[in-house]
Amino acid sequence: MAYPNELIRNFSIIAHIDHGKSTLADRMIEQTDTVAMRDMSEQLLDSMDIERERGITIKSSAVRMFYTHTDGKRYMFNLIDTPGHVDFNYEVSRALAACEGAVLVVDATQGIEAQTLANVYLAVDNGLEVVPVINKIDLPSAEPERTAQEIEDVIGIEAHSAPKISAKSGLNVDQVLAAVVKTVPPPVGDPDAPLTALVFDCFYDNYKGALSYVRVFDGTVRPGNRIRSMATGHEFEVTEVGVFTPAPMSVDELTAGEVGYIAASIKSVAETKVGDTITSADRPASKPLPGYKQANPMVFCGIYPADGAQYGDLRDALDKLRLNDASLSYEQETSNALGYGFRCGFLGLLHMEIVQERLEREFDLDLVTTAPSVIYKIVLTTGEEEMIDNPSNLPPVTEIEHLEEPVVNATIMTPSEYVGALMELCQERRGIFMDMNYIEESRVRIHYVLPLNEIIYDFFDQLKSRSRGYASFDYELKGYEKSDLVKLDFLLNGDVCDALSTIVHRDRAYAKGRAVAEKLCEVIPRQQFEIPVQAAIGGKIIARETVRAVRKDVLAKCYGGDITRKKKLLEKQKEGKKRMRQVGTVSLPSDAFMSVLRIN
Amino acid sequence: MAGIYLHIPFCVKKCAYCDFVSFPEGSVPQSYVDALLTELELVARSGSYPAAFNTVFFGGGTPSLLTGEQMQSILASLTAHFDIRESAEISMECNPGTVTPEKLAAYRTAGINRLSIGLQSTHDALLKSIGRIHTYQQFRETLQSAREAGFTNINADLMHGLSNQTEQYLESLNAVCDLGVQHISAYSLILEEHTPLFDCVERGEITPPDEDRVADMQDAGIDLLETRGYYRYEISNFAQEGYECRHNLNYWHNGEYLGFGVAAHAVVREKKWTRYANVSSLEEYYRLLTRGKRPLAETIRLAPRDEMFECIMLGLRLVRGVDRAAFAARFGFDVADAYPYAMEQLRKRAWIVETEQSIALNRKGLDLQNESLGFFM
């Protein structure tokens, strides 16, 4: 028996990192008795270690709660928890599309941040009703009235009557539950119409295969139904449908307005794409739900096993991660310096870091990663265009008419005292100033157009350090622009080390070349011969440093008591050499590649 | 050829660079001497040792903390239990801050015929900074007394890499040559973990000279000593003709030796080439001996392949290198046949000197001995 639509509320929570999203979700789960107290843990919806540690949400998840309102009715709440980060913008947009409303949580001590704003706009674009909530009012530095005013000024929604809560202590969380009932509209949909269900995330289960997380808009889906992916045309037989409690619990059916999952022996999450519409194979809908697009990776880097023998392990680990992360792409590549590895594509920097961390942590791999790169557009002298994501693949200069690089529209929100420092940062990163306005007396919003390759490495860290952590940042791809780019190569003892090559703006090439060459001299251990370290653009050497030859490598003393110890020492030295990367005639420690990344 | 090593693990004060097993004491406790005698007896009774010995070496620590009587009793016990040859070299290490003319005379009478005096530098400020308890003047007095006591075979230890001063180091070497000692050990400082000096460097209080500067110092030192008539016979050891340290030569020939005392090592030919290490805790040493047990911490029985590598690793420290005939007699084949890959690599780099008698590293090969040995592993 379908639950009456007028008693269903589907909503997300939007908040900046640390503004209390997961804590509020925990309190709502508790106050609706969804999970027994003894089973509660903090950040209940963030099940990955890395999510809990970093206080971020990477995967969407959902939970069904039942709330008895003051009108005596029992409402079904489906809370869809979304990743907040710009890298996962598309996932967020699909999760929001699955809802009728969004709870906006703003920290009363901090105010609105750039990413929050981006997500609120996304919610409004998707036609969602926004329920503002002002959090952390129990902190001494909280300014709830000022925060409410800021919400009204910046977003343009009434906020003075917004619930003022402490998610931590649970204060006034009941007001949030009531506001959801009042403000978020119930879903509309026809359980008897042809099935349309929006996939907003997917998860790989070892026993059930890929689970599609769906919001059913029209129709009903039951085990045994044949369903069709409207994006790929693939058909599957439904083996199970269920809801999140938050643990998956199978139910008889999902009907229009409900949120849950569909299992259909789907082998990989790649076959159940986020944003896809699932319909019935027997009675298909005439057109899919709007908004589907293929998520394209924006940032690329080479990932290699530190120990070449672990190549197979790395491949298996990537295969497993991809089961659960359809936006991760990779293909095999070979580097003369690093041997066999993978060129991996990511949605953004955070995504890249997370994948690297999960590979190292969950699969116990030692990795060497090359400098992150964006996709460059190459216009050849023949007029043809080529896209490359690996600097090594750049054609000879003579064949290139010009190069184009991706640029982004960046929004920075910051207390006004840091404007100078942040503009300097953007300027250093070849940013073009667009405009700046005061959100309120002491808070400023700045717009810049920035080359994507200038922000993929440490821009965010710099932004945070130059604003003492107060500035926030968001960006969206603007397009490609012509740029005076050059490929910067590094030669070790005369041989180009491909894994160190990068594409940089000509104005930056000299400084960068010198800095990297100096750094390499520090990290390359002395060897039996002198090693020239050169930076080059095309055939032209722009910097040269030298790793001097080792002159003494011998134990000064060795007597009767030292022999066993000395033997062990030699074995250790030998072992260390085995782990080095051989680039032409030069041995490089794996961390040489990482240390070069840290230069700016 | 076989040797006996005795460890005296006590020092008035530990030097800043030292990571050897030693305990701070102003004298050697009689209980330790008694324990040594017990250990000697235990090993003698076991019957598992070489037939005769040509060298004895008292190392430390500071063996010169032993009184004349203590030394006398140990040597008496040694000769009672083992066949120490008439011509044996009997050495002891000696710290200039710990001896008197009387004590030196007593050592000589007891049978000691070679002294190895720790000097390190002739510059008092430097000596003080590394925690030595003596001055250069005290060294000269000790040397004088030693000669008066009848010692004619004397080594001085010197160290470089302590400061940036190449001139200071060469001055020290010249001064010691002028004094006419028969043997000089010239080491580069090794920064060992868990030493005060290492900690100072870690904390940035001391900046050791850079690698190239130390290499310059060492090279200049080798040249100086050779022109002064001290020929280099091992990586860090120099001697006048006929005054090489026979005890240490035995180590580098990978010969048998017994070791007595805390943390002492031994190697003997049993069914296999077998290395023993004594416990390094004083309490444990006493405890085991009281119960009539040998104070062993470790016994390693080596496969022939490993024994062979040891012969290379030790033999290639010698400027004369590995004796081909001795190697062939020991293992049944020639060095070059046993290690074709290593030989090829060393020849390619021109780090090797091959003659019918021996295979040796040249100066470059010795400088990079660790790399050279890598090819044999």
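Two strands count as paired here if DSSP finds at least two bridges between them. Keep that in mind as you click around, and remember that this is a predicted model.

**Stop 1: the sheet in chain A**

Select residues 8-15 of chain A, which is strand β1, and then residues 74-81 of chain A, which is strand β3. The two strands pair in the parallel sense, over 5 bridges. For one spot along that pairing, pick A:Arg9 and look across to A:Phe77 in β3(A), which stands opposite.

Now widen the selection to the whole sheet. This is an open sheet of 5 strands in chain A, and the order is β2-β3-β1-β4-β5. The pairing is mixed. Which strands are at the edges? They are β2 (61-68) and β5 (129-135) of chain A, and each of them pairs on one side only. Turn the view a little and you can follow the twist: neighbouring strands of this sheet are turned by 30 degrees against each other on average, direction ignored.

**Stop 2: helices on that sheet**

Add residues 144-155 of chain A, helix α5. Helix α5(A) lies across β4 (101-107) and β5 of chain A, and runs at about 155 degrees to β5(A). Next add helix α6, residues 173-183 of chain A. Helix α6(A) packs on the sheet and touches β1, β2, β3, β4 and β5 of chain A. The direction of α6(A) makes about 165 degrees with that of β5(A).

**Stop 3: over to chain B**

Hide chain A for a moment. Chain B has 377 residues, and 43% of them are buried. Its elements come to 16 helices and 17 strands. Take the contacts in chain B between residues at least 6 apart in sequence: 71% of these join residues at least 24 apart.

**Stop 4: helix α1 of chain B**

Select residues 30-46 of chain B, helix α1. At 1.5 Å a residue, its 17 residues should span 24 Å, and the end C-alpha atoms are 25 Å apart, which agrees.

Which residues of α1(B) are buried? Colour B:Tyr32, B:Ala35, B:Leu36, B:Glu39, B:Leu40 and B:Val43. These residues lie on the same side of α1(B), because they cover an arc of only 145 degrees around the axis. An α-helix has 3.6 residues a turn, so residues three or four places apart point the same way. The buried residues of α1(B) pack against β1 (2-8), α2 (68-81), β11 and α10 (282-290) of chain B.

Flip to the face turned away from the buried side, and you'll find the exposed residues B:Gln30, B:Ser31 and B:Arg45. Just after the helix, stop at B:Gly47, which takes a positive phi of about 75 degrees.

**Stop 5: a three-stranded sheet**

Still in chain B, look for an open sheet of 3 strands in the order β15-β17-β16, with antiparallel pairing. Its edge strands are β15 (322-323) and β16 (352-354) of chain B. Strand β17(B), residues 358-361, is joined to β16(B) by 3 bridges. Zoom in on B:Ile352, which stands opposite B:Leu361 in β17(B).

**Last stop: where the chains touch**

Bring chain A back. How many residues does each chain bring to the contact? Chain B gives 31 residues and chain A gives 20 residues. Among the elements of chain B that each supply at least two residues to its side are β8 (183-188), α8 (211-227) and α11 (304-315). Finish on α16(B), which gives the largest share of that side, 5 residues. Coloured by class, the side of chain B that touches chain A shows 15 nonpolar, 9 polar and 7 charged residues.

Terms used. Residues are numbered from 1 along each chain as its sequence is written. Chains are lettered from A and ligands numbered from 1 in the order in which they are written. This is a predicted model: local features need pLDDT of at least 70, side-chain atom pairs count only at pLDDT 80 or more; totals for chains, interfaces and linings use all residues. Two residues are in contact if their C-beta atoms, placed from the backbone, lie within 7 Å. Helices (H or I, at least four residues) and strands (E, at least two) are DSSP runs, numbered from the N terminus. Ala, Val, Leu, Ile, Met, Phe, Trp, Tyr, Cys and Pro count as nonpolar, Asp, Glu, Lys and Arg as charged, and the others, Gly among them, as polar. Axes are lines fitted to C-alpha atoms, for helices over the stretch in contact, and angles run from 0 to 180 degrees between N-to-C directions. The expected span of a helix is 1.5 Å times one less than its number of residues. A residue is buried if 20 or more other C-beta atoms lie within 10 Å of its own, exposed if 12 or fewer, and partly exposed in between; C-beta atoms are placed from the backbone. The arc is that of the directions from the helix axis to the C-beta atoms.
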